[in-house]
Protein chains: 4
Amino acid sequence: MTNLLIIYATDYGNTKKMAEAVASGAESVPDTQVVLKTAEEITATDMEESDGIVVGTPVHMGAPDWRIKQFIDNICGGLWMQDKLVGKAGAVFTSGSGFGSAGAGCELAMISLLNNFAELGMLIVPLPKSTPGYPHGGLHWGPYGRSAGINMEQDGIREESLEAAKHHGANVARVAAAIKGPKLFA
Amino acid sequence: MTNLLIIYATDYGNTKKMAEAVASGAESVPDTQVVLKTAEEITATDMEESDGIVVGTPVHMGAPDWRIKQFIDNICGGLWMQDKLVGKAGAVFTSGSGFGSAGAGCELAMISLLNNFAELGMLIVPLPKSTPGYPHGGLHWGPYGRSAGINMEQDGIREESLEAAKHHGANVARVAAAIKGPKLFA
Amino acid sequence: MTNLLIIYATDYGNTKKMAEAVASGAESVPDTQVVLKTAEEITATDMEESDGIVVGTPVHMGAPDWRIKQFIDNICGGLWMQDKLVGKAGAVFTSGSGFGSAGAGCELAMISLLNNFAELGMLIVPLPKSTPGYPHGGLHWGPYGRSAGINMEQDGIREESLEAAKHHGANVARVAAAIKGPKLFA
Amino acid sequence: MTNLLIIYATDYGNTKKMAEAVASGAESVPDTQVVLKTAEEITATDMEESDGIVVGTPVHMGAPDWRIKQFIDNICGGLWMQDKLVGKAGAVFTSGSGFGSAGAGCELAMISLLNNFAELGMLIVPLPKSTPGYPHGGLHWGPYGRSAGINMEQDGIREESLEAAKHHGANVARVAAAIKGPKLFA
């Protein structure tokens, strides 16, 4: 059994929708068990028991939501100190109004989340451009759930973003299964 | 007189169009003199004689074009060593097909260019979201000239991107004029 | 009179020491008034009344402390929406144990802070390599107060880092004064 | 047999030494075959035939050497277009004089290289902080071969950096072997 942990914060429910799509994709992979929690609910044990972790956040000022950062500071810092998550799989996704047509800061927000995984010694799973839903809902670092048009006219997360998120979840589940057996880092 | 240097590389002429728009915006500011050159043409003297420098590049694999990087390695490295450009104004812009609706790597490409300016000790001029043309052609780090739709259907640089580029050029010219007199860094 | 606002979070007092050094440097510039506050104390009015803002943070997992992010989300987001800080000066600094001899994630932590300033339309003030104290306490994005050796042996912030921080404060004060008069962005 | 491709550019031989250390580490893993080439020598076929790719570069102005960028633009761009490298393993390392004690731009240089791998849909292998040699020669994104002290006094790549590089090579070889069988991305 591969254990996948999905962690998110949400403002208006959009990032939650993306998180649920990631979860449903992961669950579609045989022998995968998914735990879906908000950043406030996460414990160090949740992270240690997982084989792969996906973190999602709304984009605020080009960076993750402060609740996500709070969990990183309070939980991941200690796990880093003890090398507890080395060799697990990690991946990310974001949501946001996305003002403009140049990403609205989602790229650096994703890299900031991946930074945490790299420090923890985790393998990073990107989003290939061939993923269904990519043209509307994808960046190479992970799925992006835009909830608005280029002028911030709110029209909600589109199906394509959720489709990219589902595939991302399944990809991470397969990667986590492939790397969970052997000791890869020495 | 404020001297503004605009440096670019271009593949199909799109980044050149953006560079020309930056130049025309800068020239609209009284007492501004503009030099527009490709990365291959630049000399260290061009850079030393300027009060502000704007660099533009096509986005390739989420980073600047190699011709831009070649000029940075060959010219800027030596100027860095000698602290020759400290206190000048710097700004950037990019162009690209922009596959997807999440920026297609333009953000990290811009930051990579700005990195060079920061190392040189130059003040960085961003692009405020209130800039005309921003919704189609802007990111906070600088203007983005998308030449295609989300599925890479090529339809050329749009007027909005050129408008954002013009305002960027004028903004940089005004900033360069404001900071050129006094010695700001000690 | 130029108003400089310095905002920080601190764990063990090291970032506070750096913040005080930035403040003392700024105060050494004639006609500069400094306000020094923690992230929890900041109000939108503090930011609007300033001509320049310097933010400092401990580095946690390669990114700013969550208290800094909380203030960015809660205060800066609204100011961004209303374009309230366009054209002010912004700068950053960090502190940290700095495990290793490759920066320990301070670079991306600084860029994440600068991202906020770029979104707000603020001019970014870097740290020239010619700044006194740079070899021990500087990165091109801003001063870095290392509080430990490469094996995390805690020996406190060194004088060189505080010296770089002082000069940074003075540089930002001078830049803020130079750009505060004219309307630079249109 | 797992095929590992190591690509580098070098100025004074330091990055070459790091590349050779990565290669020797990879070769220490049973059933691993290593190809070591400079950026100028690489062909698209080299990349397609590999199971894992490690790229190393000198750091120039906070970014990869232009010769590395030239190979990325000329070779990787086309492979990206055709989704040819999806699901392979990717990793990076850098070298540099490392002026200062805050990384001297090596972090963003590594992220810029990893950006290319993410766009290509490749899994990213980080460097855990528990890796031997890390305190002197490691950053979480990959090994860093400092060739000088904080004042740029050149004293050459140290053994610790080469040790971190060796372990990195072995880690990537093991990861590439673990993920090469199954189709992980859909």
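Q: A salt bridge is a side-chain nitrogen of Lys or Arg within 4 Å of a carboxyl oxygen of Asp or Glu; with that rule in hand, how many salt bridges are found across the interface of chain D and chain A?

A: The model is a predicted one, and in it the rule finds two salt bridges across the interface of chain D and chain A. In one of them Lys129(A) is paired with Asp83(D), and the closest N and O atoms of that pair are 2.7 Å apart, which lies within the 4 Å cut-off.

Q: Beyond salt bridges, how many residue pairs are in polar contact across the interface of chain D and chain A, and which elements of chain D give two or more residues to the side that touches chain A?

A: There are 13 residue pairs in polar contact across this interface, counting pairs in which both residues have pLDDT 80 or more. On the side of chain D that touches chain A, the elements that give two or more residues are helix 3 (66–81), helix 4 (106–119), strand 6 (123–124) and helix 6 (159–179) of chain D. Sorted by class, that side of chain D holds 21 nonpolar, eight polar and six charged residues.

Q: How many residues does the contact take from chain D and from chain A, and what area do the two chains bury between them?

A: The contact draws 35 residues from chain D and 34 residues from chain A, and the two chains bury about 2,900 Å² between them, with 68% of it on carbon and sulfur atoms. Looking at the chain D share alone, Lys129(D), Leu184(D) and Ala186(D) supply 20% of the area that chain D buries against chain A, more than any other three residues.

Q: Turning to symmetry, by what turn and what shift can chain D be laid on chain A?

A: A turn of 180 degrees with a shift of 0.0 Å along the axis lays chain D on chain A, and the RMSD is 0.0 Å. The two copies are therefore related as by a two-fold rotation axis. Among the residues of chain D, Ile124(D) comes closest to that rotation axis, its C-alpha lying at 2.5 Å. The same surface serves both copies, in that 97% of the contact residues of chain D recur in chain A.

Q: How should the interface of chain C and chain A be read: how many residues are in contact, and what area is buried?

A: Here 27 residues of chain C are in contact with 27 residues of chain A, and the pair buries about 2,000 Å² between them, 67% of it on carbon and sulfur atoms. Met61(C), Trp66(C) and Lys69(C) supply 37% of the area that chain C buries against chain A, more than any other three residues. The count of salt bridges between chain C and chain A is zero, whereas 12 residue pairs are in polar contact, both residues being at pLDDT 80 or more. The elements that give two or more residues to the side of chain C that touches chain A are strand 4 (63–64), helix 3 (66–81) and helix 4 (106–119) of chain C, and helix 3 of chain C provides the largest share, 10 residues. By class, that side of chain C has 14 nonpolar, nine polar and four charged residues.

Q: Finally, how many helices and strands are there in chain A?

A: Chain A has six helices and eight strands, which follow the pattern β-α-β-α-β-β-α-β-α-β-α-β-β-α along the sequence. Its radius of gyration is 15 Å, close to the 16 Å that the globule rule gives for 186 residues, so chain A is as compact as a globular protein of that length. Taken along the principal axes, the C-alpha atoms of chain A fill a box of roughly 50 × 35 × 25 Å.

Key
Residues are numbered from 1 along each chain as its sequence is written. Chains are lettered from A and ligands numbered from 1 in the order in which they are written. This is a predicted model: local features need pLDDT of at least 70, side-chain atom pairs count only at pLDDT 80 or more; totals for chains, interfaces and linings use all residues. Side-chain values use heavy atoms; hydrogens and water are left out. Contact means heavy atoms within 4.5 Å. Buried area is the accessible area (1.4 Å probe) that two parts lose on being put together, summed over both. A polar contact is a pair of N or O atoms within 3.5 Å; within protein, one must be able to donate a hydrogen and the other to accept it, and residues adjacent in sequence count only if both atoms are side-chain atoms. Helices (H or I, at least four residues) and strands (E, at least two) are DSSP runs, numbered from the N terminus. Ala, Val, Leu, Ile, Met, Phe, Trp, Tyr, Cys and Pro count as nonpolar, Asp, Glu, Lys and Arg as charged, and the others, Gly among them, as polar. Copies are superposed by least squares on the C-alpha atoms of residues with pLDDT of at least 70 in both. The radius of gyration is taken over C-alpha atoms; the globule rule is 2.2 Å times the number of residues to the power 0.38.
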